[in-house]
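Work through the exercises below with the sequence and the model side by side. Try each task before you read its solution.

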Amino acid sequence: MGGTPLSPGERYALVLRVPRQQEVSIEDAYLGLAGLTKPVASYHITLVGPFHFRSAFSEEIEDILGTACSRWEPFDVRIGGLGAFEKAGDHLVYLGVTNEEQVVALRGFLLKQLLPHLTPENERVAQFTLASYHPHVTLGLGLSDAELRAILGATIRRPVDLSFRVDCVWLMSQAGSAPWRYVRSFALGGEAAAPCSLDHH
């Protein structure tokens with residue numbers, strides 16, 4: 001915790017990072033396909049967001065997040081199976097979380113702690129965040145109908161089935177049109193938790 005100062009008006013998201021070893025496997029399988037690009041902030045599973053804090057990010061909110069995460073034990077996540085959120089000419093392709101129960105439960109726990117302090121970015125995000133959450137790792141955004149068909153056809157031949165240990169929750173921030181950046185980390189598991197590190201994630 002601690003670190004980079006955060007500015008009012010920034011957008012935020014709470015995420016689980018995909019470790020570098022598994023990122024390489026995803027890149028090897030999918031980055032050659034038209035329309036798929038690696039996100040600037042690396043592959044991740046969004047828990048909550050994007051959202052705005054109702055007031056400035058504060059030590060109180062940092063303490064709330066730190067305490068909440070310390071009460072949750074690390075767990076294993078498995079990703080695999082391609083899916084899409086389809087909208088004509090603007091599709092999103094993702095890898096699903098095949099054992100999503102722990103991710104959904106952690107998200108619900110954190111959201112309960114944070115809800116008095118945040119405002120979803122818009123109604124679509126509010127609906128996704130509050131009503132129809134589906135954990136996933138985004139592979140590509142804004143895909144055309146033809147790109148979607150090509151990707152779904154090609155990836156049948158290159159299935160991915162990956163597991164990794166979740167031991168940290170990360171807070172991401174974006175100011176204006178600048179890239180998303182990781183600004184805080186919160187270790188799962190209390191005093192026995194290993195420190196969060198960008199190096200091995």
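**Exercise 1.** Which residues does Ile26 touch, not counting residues up to four places away in sequence?

*Solution.* Keep in mind that this is a predicted model.

Step 1. Locate the residue: Ile26 lies in helix H1.

Step 2. List its partners. Ile26 touches Val18, Leu31, Tyr43, Ile79, Leu95, Leu139 and Leu162, with residues up to four places away left out.

Step 3. Check the accessibility. Ile26 counts as buried because its relative accessibility is 0%, and buried means under 20%.

Step 4. Look at a distant part of the chain. Asp161 is 135 residues from Ile26 along the chain, but their C-alpha atoms are separated by 9.5 Å.

**Exercise 2.** Describe the chain as a whole.

*Solution.*

Step 1. Count the elements. The chain has 5 helices and 9 strands.

Step 2. Read their order from the N terminus: β-α-β-α-β-β-α-β-α-β-α-β-β-β.

Step 3. Turn to burial. The chain has 201 residues, and 47% of them count as buried.

Step 4. Take the surface. The accessible surface is about 9900 Å², and carbon and sulfur atoms hold 52% of that.

Step 5. Ask how far apart in sequence the partners lie. Take the contacts with a separation of 6 or more: 78% of them join residues 24 or more positions apart.

**Exercise 3.** Work out how helices H2 and H3 are packed.

*Solution.*

Step 1. Find the helices. H2 covers residues 59–70, and H3 covers residues 101–114.

Step 2. Compare the axes. They come within 10 Å and cross at roughly 150 degrees. Therefore H2 is roughly antiparallel to H3, as angles over 145 degrees count that way.

Step 3. Give the handedness: the crossing of H2 and H3 is right-handed.

Step 4. Name the residues that meet. H2 brings Ile61, Ile64, Leu65, Ala68 and Cys69. H3 brings Phe109, Leu110, Gln113 and Leu114.

Step 5. Sort them by class. The contact of H2 with H3 has 8 nonpolar residues, 1 polar residue and no charged residues.

**Exercise 4.** Follow two glycines of strand E6 and a histidine of strand E4. Is each residue buried, partly exposed or exposed?

*Solution.*

Step 1. Place the residues. Gly140 is in strand E6. Gly142 is also in strand E6, which spans residues 136–143. His91 is in strand E4, residues 91–97.

Step 2. Classify Gly140. It is buried, with a relative accessible area of 3%.

Step 3. Classify Gly142. Its relative accessibility is 42%, so Gly142 counts as partly exposed. That class lies between the cut-offs of 20% and 50%.

Step 4. Classify His91. At 5% relative accessibility, His91 counts as buried.

Step 5. List the contacts, leaving out neighbours within four places. Gly140 touches Gly35, Leu36, His91, Leu92 and Val93. Gly142 touches Gly89, Asp90, His91 and Glu147. The partners of His91 include Gly140 and Gly142, as well as Phe85, Glu86 and Leu148.

Step 6. Add the distances from C-alpha to C-alpha. Gly140 and Tyr94 are 46 residues apart in sequence and 7.0 Å apart in space. Gly142 and Gly35 are 107 residues apart in sequence and 8.2 Å apart in space.

**Exercise 5.** Which peptide bond is cis, and which residue other than glycine has a phi near 70 degrees?

*Solution.*

Step 1. Start from the general pattern. Most peptide bonds are trans, and most residues other than glycine have a negative phi.

Step 2. Name the bond. The peptide bond from Gly49 to Pro50 is cis, with omega near 0 degrees. Pro50 is in strand E2, residues 44–53.

Step 3. Name the residue. Ser42 has a positive phi, near 70 degrees.

Step 4. Place Ser42. It sits in the loop between helix H1 (20–30) and E2. Ser42 is buried, with a relative accessible area of 5%.

**Exercise 6.** Is Arg184 buried or exposed?

*Solution.*

Step 1. Locate it. Arg184 lies in strand E9, residues 181–187.

Step 2. Apply the cut-off. Buried means under 20%. Arg184 has 8% relative accessibility, so Arg184 counts as buried.

Step 3. Add a distance. Val169 is 15 residues from Arg184 in sequence, and 8.5 Å separates their C-alpha atoms in space.

Conventions:
Residues numbered from 1 in each chain as written. Predicted model: local features only at pLDDT ≥ 70, side-chain atom pairs only at ≥ 80, totals over all residues. Heavy atoms only, no water. Axes fitted to C-alpha atoms, helices over the stretch in contact; angles between N-to-C directions. Helix = DSSP H or I, 4+ residues; strand = E, 2+ residues; numbered from the N terminus. Parallel < 35°, antiparallel > 145°, perpendicular 65-115°, else oblique. Left-handed = near helix turned anticlockwise from the far one by under 90°. Contact = heavy atoms within 4.5 Å. Nonpolar A, V, L, I, M, F, W, Y, C, P; charged D, E, K, R; others polar. Buried < 20%, exposed > 50% of the residue type's maximum accessible area, 1.4 Å probe, protein only. Areas by Shrake-Rupley, 256 points an atom, 1.4 Å probe, with all protein chains shown as cover.
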